[in-house]
Each structure stands twice: as structure tokens, then as C-alpha cells.
Amino acid sequence: MAKILVTIKIFPKEAGGNLEELKQQIQEALPSDVSVHKFDEEPIAFGLVAVVAHIIMPEEKAGIVDIVEKAIRAISSVSELQVAMVRRV
């Protein structure tokens, strides 16, 4: 069973917010067959820091990337997100 690793840059609504809380909310929002490999933080500008999530998900499940995007967008403290990379692992 093949997996894919998707890198998603997540922008919070407010600068200086609690990124650890946001990371926890992201993990809780994901479907059961999807997991976070690791998180990075990327400074953007004026105190805004994006959370970069490296997420592992099953390759054979159709539309899984869209499902994950929708789950993350539903978090109230998320402003926007960008899928930066999708690769097979």
C-alpha cells in the first residue's frame, strides 16, 4: 500500500497566535487514515508565521488531498492554505 507525503503551508488568521494550539487542531481535524509526519514553521512577514505540515496519507484513496484540505480549512484560526508539494513515499 503506497503512501503520499503532502506538504501544506497553513496561514493563521492572526500574527502572534498560538501555533502549538493550531498544530494540535490540525492533527485532530485529520481523517483517521491520515497522519502528520512533522511540522515546520516559516516566518512570512510582520510577525506572521505559517505552519508547514508534512502529512502522510494513503495514495489509493480518491480525493484524499481535497478531504484533508477541507478539514484544515474548517479550523476557525486558519486563514488560508497552500499545497506546496505532493510526492510518493
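Which residues are in contact with lysine 23, leaving aside its neighbours within four places in sequence? The tour returns to that point after a view of the whole. The structure on display is a predicted model.

**The whole chain**

Begin with the entire protein in a cartoon representation. The view contains 2 helices and 4 strands. Followed along the sequence, these elements take the order β-α-β-β-α-β. The radius of gyration is 13 Å, close to the 12 Å that the globule rule gives for 89 residues, so the protein is as compact as a globular protein of that length. Aligned on the principal axes, a box of roughly 40 × 20 × 15 Å is filled by the C-alpha atoms.

Next, display the surface. The accessible surface comes to about 5200 Å², and carbon and sulfur atoms account for 52% of that area. Of the 89 residues, 40% count as buried. If contacts between residues at least 6 apart in sequence are considered, 69% of them join residues at least 24 apart. Colouring by charge brings out 10 positive and 13 negative side chains, and the centres of these two sets lie 4 Å apart.

**Helix H1: lysine 23 and leucine 22**

Select residues 19-29, which form helix H1, and then lysine 23 within that helix. The opening question can now be settled: beyond its neighbours within four places in sequence, lysine 23 is in contact with Phe39, Glu41 and Val51. Is lysine 23 buried or exposed? Its relative accessible area is 11%, under the 20% limit, and therefore lysine 23 is buried.

Move to leucine 22, also found in helix H1. Leucine 22 is buried as well, with a relative accessible area of 3%. Setting aside neighbours within four places in sequence, its contacts are Pro12, Val51, Ile75, Ser77 and Val78. For a distance to display, choose the C-alpha atoms of leucine 22 and proline 12: these residues are 10 apart along the chain, and the separation is 8.1 Å.

**Strand S1: lysine 9**

Select residues 3-12, strand S1, and centre the view on lysine 9. Lysine 9 counts as buried, at 16% relative accessibility. Which side chain is joined to that of lysine 9 by a polar contact? The partner is glutamate 42, at 2.9 Å. Not counting residues up to four places away in sequence, lysine 9 touches Glu42, Ala50, Val51, Val52, Glu80, Leu81 and Gln82. A longer line may be drawn from lysine 9 to glutamine 27, 18 residues apart along the chain, where the C-alpha atoms are separated by 14 Å.

**Strand S4: leucine 81**

One of the residues touched by lysine 9 is Leu81, and this is the next selection. Leucine 81 is found in strand S4, which spans residues 78-88. With a relative accessible area of 4%, leucine 81 is buried. Apart from neighbours within four places in sequence, leucine 81 is in contact with Ile8, Lys9, Ile10, Phe11, Glu69, Ile72 and Arg73. Between leucine 81 and isoleucine 4, 77 residues apart along the chain, the C-alpha separation is 18 Å.

**Strand S3: histidine 54**

Now select residues 48-58, strand S3, and show histidine 54. Histidine 54 counts as buried at 10% relative accessibility. Its side chain makes a polar contact of 2.8 Å with the side chain of aspartate 40. Beyond neighbours within four places in sequence, the contacts of histidine 54 are Leu5, Val6, Thr7, Ser35, Val36, His37, Lys38 and Asp40.

**The S2-S3 loop: phenylalanine 46**

Go to the loop between strand S2 (35-45) and S3, and select phenylalanine 46. Phenylalanine 46 has a positive phi of about 50 degrees, although it is not a glycine. Is phenylalanine 46 buried or exposed? A relative accessible area of 84% is over the 50% limit, so phenylalanine 46 is exposed.

**The last stop: valine 89**

Finish with valine 89, in the segment after strand S4. Valine 89 is exposed, with a relative accessible area of 58%. Leaving aside neighbours within four places in sequence, valine 89 is in contact with Lys3, Ile4 and Leu5. A final distance runs from valine 89 to glutamate 14: the two residues are 75 apart along the chain, and their C-alpha atoms are separated by 33 Å.

Definitions and conventions:
Residues numbered from 1 in each chain as written. Predicted model: local features only at pLDDT ≥ 70, side-chain atom pairs only at ≥ 80, totals over all residues. Heavy atoms only, no water. Rg over C-alpha atoms; globule rule 2.2 N^0.38 Å. Buried < 20%, exposed > 50% of the residue type's maximum accessible area, 1.4 Å probe, protein only. Contact = heavy atoms within 4.5 Å. Areas by Shrake-Rupley, 256 points an atom, 1.4 Å probe, with all protein chains shown as cover. Lys, Arg positive; Asp, Glu negative; His and termini not counted. Charge placed at Lys NZ, Arg CZ, Asp CG, Glu CD. Polar contact = N/O pair within 3.5 Å; in protein donor to acceptor, adjacent residues only side chain to side chain.
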